[in-house]
Every structure is written in structure tokens, then in C-alpha cells.
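User: Please take a close look at one helix in this structure, following what surrounds it and how the chain runs on either side. I would like one connected account, with any unusual backbone geometry included.

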Amino acid sequence: MTTPATPTASTASLARDLGVRSLFLAGPFLQLLDPATGEMPEASRSSFSLLIKHFEGHGLDVHNAHRREAWGAELMQPEECTRIDQEEIRKADVFVALPGSPASPGTHIEIGWASAFGKPIVLLLEHEQYYTFLVRGLHTVAAVEHVPYTDLSNALPAIDAAVRRAVARAREGAPPVA
């Protein structure tokens, strides 16, 4: 049986349809670590795992610090993870983020890098959460699409559509939609 997170050969593939190969998935990390174990609890991992599986099912190489650092079990030093994250964002074809509410400072820096590098950006915004003015207004200066959601698994089709729109906007070089 095929789940929405695992497209079959007969369904659309973001990698094939858009000619993109890689995606950087960002989101809160350190603030989600369990102080007792130093690792992300399964409840905090689930959104990232769902998105990683979904995008890999679309044929994309997904770069994600949470997975790279074994969900907190193998945290890198700041000098190493900062350099790696920035380079992976620079190389990625698409950038997707859960900005965090409360705001994740590291994720906001990564959003800024993606914007500065001219990446197509999709921001996943949980309903009834507060997001900073600059996150909410970034679409006016960059190829950004917002996807409001209550349940990420139900939002996957909207996320795919937002990736398609963000990539198209970045390629057109058209002024962002205000």
C-alpha cells in the first residue's frame, strides 16, 4: 500500500518534474532536546521524519541537521555544524523550514542564509502560532511560500504545491508577490 509520503512511479515527482535534486530541511533543534537524554523525543522527531521520508519519496536528497546529528545523540560543535549547515543550504536546490514557535534562533539564521542565497523557500507555519514579522513578510523580498497547517501529514499536497510555486518564482526572477 502506498502512503501519501511515498509517491509511486505513476505520481508526480518533485525532483523529476522540477529538475531539482536536493532540499535542506530546517527547524528547531536544541530547544527540542530532552534535558535528561540530550536527544529529541520521538514526538519532536516525527514531523522531521515525516518530511524527510516524503521528500526522499519524491527523489530528493534531503539534508537535515537533526538526522545528521543522530537526533541529538551526536551533536556537532558550533564551529562545525554552522559551516556544514551553511554549505548544505548553499548547495541545496530548495529550502523548507519549520521556523519554530517560539522562534528558533538557529532556524531563523538558516532562513536568512537561504534568502540571501536566492533559494526557493517554503515556510511551514502551524495554525494559531505566532511568527515574527520578518518570517511572515519574507515573501515580499524573496521566493517564499507559506504553508499553514494543523497536521503536517494532511498538508503534504499543499507543501508540494508550495515547493512548485517557490521554485517557479525563483526561476522567473520575478518580483516577489506582496
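Analyst: Helices, taken as DSSP runs of at least four residues in state H or I, and strands, taken as runs of at least two in state E, are numbered from the N terminus. The model is predicted, and the helix chosen here is α5, residues 105-116.

Helix α5 has twelve residues, and the distance from its first C-alpha to its last is 17 Å, close to the 16 Å expected at 1.5 Å a residue. Five of its side chains call for attention, as Thr107, Glu110, Ile111, Trp113 and Ala114 are buried. When the helix is viewed down its axis, these buried residues fall within an arc of 160°, so they line one face of α5. The face turned away from that buried side carries the exposed residues Pro105 and Ala116. What covers the buried residues includes three strands, β1 (22-26), β3 (94-97) and β4 (121-126), together with helix α4.

The packing against α4 can be described in more detail. Helix α4, residues 78-91, and α5 pack at an angle of about 35°, with 9 Å between their axes, and α4 passes α5 in a right-handed crossing. On the α4 side the contact is made by Thr82, Asp85, Gln86 and Ile89, while α5 contributes Glu110, Trp113 and Ala114. By character, the residues of this contact divide into three nonpolar, two polar and two charged. Glu110, Trp113 and Ala114 therefore appear both in the contact with α4 and among the buried residues of α5.

The chain on either side of α5 also deserves a look. In the loop between β3 and α5 lies proline 102, and a cis peptide bond, with omega about 10°, joins serine 101 to this proline. Beyond the helix, α5 is followed by glycine 118, whose phi is positive, near 75°.

As background to these backbone values, most residues other than glycine have a negative phi, and most peptide bonds are trans. Two further residues depart from the usual sign of phi, and they are found in the loop between α3 and α4, which leads towards the partner helix of α5: alanine 70 and tryptophan 71. Phi of alanine 70 is near 50°, and that of tryptophan 71 is near 60°. Their accessibilities fall on either side of the 20% cut-off for burial, since alanine 70 is partly exposed, with a relative accessible area of 22%, whereas tryptophan 71 is buried at 13%.

Glutamate 69 lies in the loop between α3 (65-68) and α4 too, and this charged side chain is buried, with a relative accessible area of 3%. Leaving aside residues up to four places away in sequence, glutamate 69 touches Phe29, Glu74, Leu75, Met76 and Cys81, of which Cys81 falls within the span of α4.

Returning to the strands that cover α5, serine 22 lies in β1 and counts as buried at 9% relative accessibility. With residues up to four places away in sequence again set aside, serine 22 touches Leu60, Asp61, His63, Lys91, Ala92, Asp93 and Val94; among them, Lys91 is within α4 and Val94 is within β3. After β4, another of the covering strands, comes the loop that runs to α6 (133-137), where threonine 132 is found, partly exposed with a relative accessible area of 28%.

How values were computed:
Residues numbered from 1 in each chain as written. Predicted model: local features only at pLDDT ≥ 70, side-chain atom pairs only at ≥ 80, totals over all residues. Heavy atoms only, no water. Axes fitted to C-alpha atoms, helices over the stretch in contact; angles between N-to-C directions. Left-handed = near helix turned anticlockwise from the far one by under 90°. Contact = heavy atoms within 4.5 Å. Nonpolar A, V, L, I, M, F, W, Y, C, P; charged D, E, K, R; others polar. Expected span 1.5 Å × (residues − 1). Buried < 20%, exposed > 50% of the residue type's maximum accessible area, 1.4 Å probe, protein only. Arc of directions from axis to C-beta.
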